[in-house]
Amino acid sequence: MIKITQIEVDGMPLRTQECRSTLRGLFSFDRQVVTIETLNDGAIFGRSKTSSKLPVLNTIIHGGPQTMLDINAVLSTNREKDFVITTREMGKLHFKADVQNRAISTTARAITCQLLMADPYIYEEEPQSIKLGSLYSTGVIFGAGHGVKFGEGYGVVFGAATGAGGILINRGNTVAYPVITIEGPCSGIVVENKTTKEVIEITLALDEDDLLIIDCRPETRGVYLNGERVQNAKTGAGWIKCLPGENVFGFGRNSVVNKQHCTVSLQARWL
């Protein structure tokens, strides 16, 4: 059972001295979530085989008439609304929903709304991230720009390396898709989720000021170089996903710059 301590709609808090709101049917913990919903891509929403949700928002008014007018004004807007909920177990989460039906009782001083979540997922407010890329704390670097040249643009590094891998935890109860950011200069880029055995190889060579983004999320999926989508930049047709729990990542590249070139960010989500 998830304990919700605050509900906000388009920035308006609905748990104050003036009002008290509850949400029913938001999470799917009260029913069996089948494997195909949590692990596989599909075609209903954002390639998910999970259908839309119909949670119910109940609000009891404790304040004066103006409180009911203010809340009703927010709920009556003809567009999807931004909901932010604060939970004891998972912190702040957010989702989008439209109000399908609204019932107002002036005697009971209550507003009941049937919501429609076309996107059935509830998202973590702040994404988690890890940095990847071998760092050399001892030894020397030979190569382009360091006085010794071993082939065009390549070098040799001597020393102990750390940071090539890391663990990213998907706190949600369903599969989520990472956003991978890679800074130049580097080439021979390989990113792997060792947990799922999924690998992305990039054929581009990045210069000093280049920024490459590999967006694995279904709705914005693609490879972007300095903000522009690029075609045929990666080998293979697959992308990387993160299963609930620990996901072990690895990152490889060719570079004589001693820095962690790769950042993997993940926004966990729940059904």
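How many bridges join strand β18 to β22, and in which direction do the two strands run? There are 2 bridges between β18 (residues 198–202) and β22, and the strands run antiparallel. The model described here is predicted. Its secondary structure comes to 2 helices and 25 strands. The points below start with the protein as a whole, then turn to its sheets, selected residues and salt bridges.

**The protein as a whole**

- The protein has 271 residues, and 41% of them are buried.
- Contacts can be sorted by how far apart their residues are in sequence. Of those between residues at least 6 apart, 71% join residues at least 24 apart.
- About 13700 Å² of the protein is exposed, and carbon and sulfur atoms supply 52% of that area.

**The sheet of 6 strands**

- One open sheet holds 6 strands in the order β10-β24-β16-β19-β20-β21, with antiparallel pairing.
- At its edges are β10 (128–132) and β21 (228–229), and each of these pairs on one side only.
- Strand β20 (residues 222–225) is joined to β21 by 2 bridges, and the two run antiparallel.
- Within that pairing, L225 has E228 of β21 as its bridge partner.
- Strands of a sheet pair through backbone hydrogen bonds, and the arrangement can be parallel or antiparallel.

**The sheet of 5 strands**

- A further open sheet has 5 strands, ordered β15-β23-β17-β18-β22, and its pairing is antiparallel.
- Its edge strands are β15 (165–170) and β22 (234–235); each has a single partner strand, so one side of each has no neighbour in the sheet.
- Where β18 meets β22, the bridge partner of E201 is T235 in β22.
- Strand β23 (residues 245–254) contains V248. This residue is partly exposed because its relative accessibility is 32%.
- V248 also belongs to a nonpolar surface patch of about 220 Å², which it makes together with I167 and I169.

**Strand β3 and its partner**

- Strand β3 (residues 19–24) has two faces: C19, S21 and L23 are on the covered one, while R20, T22 and R24 are on the uncovered one.
- The link between β3 and strand β5 (residues 56–61) consists of 6 bridges, and these strands run antiparallel.
- R20 of the uncovered face stands opposite I60 in β5.

**K81 and its surroundings**

- K81 is located in strand β6 (residues 81–87).
- Is K81 buried or exposed? It counts as buried, because its relative accessibility is 0%.
- The side chain of K81 comes to 2.7 Å from the backbone oxygen of R79.
- Beyond its neighbours within four places in sequence, K81 is in contact with several residues, including V9, D10, V74, L75, F95 and D98.
- With D98, the side chain of K81 also forms a salt bridge, at 3.6 Å from N to O.
- This salt bridge links distant parts of the chain: D98 is in strand β7 (residues 91–105) and K81 is in strand β6, 17 residues apart.
- D98 has a relative accessible area of 25% and is therefore partly exposed.

**Other salt bridges**

- The count of salt bridges comes to 8, and two others among them are described here.
- K241 and E198 meet through their side chains in a salt bridge of 2.9 Å, N to O.
- K241 lies in the loop between β22 and β23, whereas E198 lies in strand β18, so this pair ties together parts 43 residues apart in sequence.
- E198 is buried because its relative accessible area is 16%; K241, at 21%, is partly exposed.
- The side chains of D215 and R217 form a salt bridge too, at 2.8 Å from N to O.
- D215 is buried, with a relative accessible area of 5%, while R217 is partly exposed, with a value of 31%.

**W270 in the last-numbered strand**

- W270 is in strand β25 (residues 269–270), and the strands number 25.
- This tryptophan, W270, is buried, with a relative accessible area of 2%.
- W270 and R171 are 99 residues apart along the chain, yet their C-alpha atoms are separated by 8.7 Å.

Technical notes:
Residues numbered from 1 in each chain as written. Predicted model: local features only at pLDDT ≥ 70, side-chain atom pairs only at ≥ 80, totals over all residues. Heavy atoms only, no water. Helix = DSSP H or I, 4+ residues; strand = E, 2+ residues; numbered from the N terminus. Buried < 20%, exposed > 50% of the residue type's maximum accessible area, 1.4 Å probe, protein only. Contact = heavy atoms within 4.5 Å. Areas by Shrake-Rupley, 256 points an atom, 1.4 Å probe, with all protein chains shown as cover. Pairing = 2+ DSSP bridges. Polar contact = N/O pair within 3.5 Å; in protein donor to acceptor, adjacent residues only side chain to side chain. Patch = residues over 30% accessible without salt bridge, like charges linked within 9 Å, V, L, I, M, F, W, Y side chains within 5 Å. Salt bridge = Lys/Arg side-chain N within 4 Å of Asp/Glu carboxyl O.
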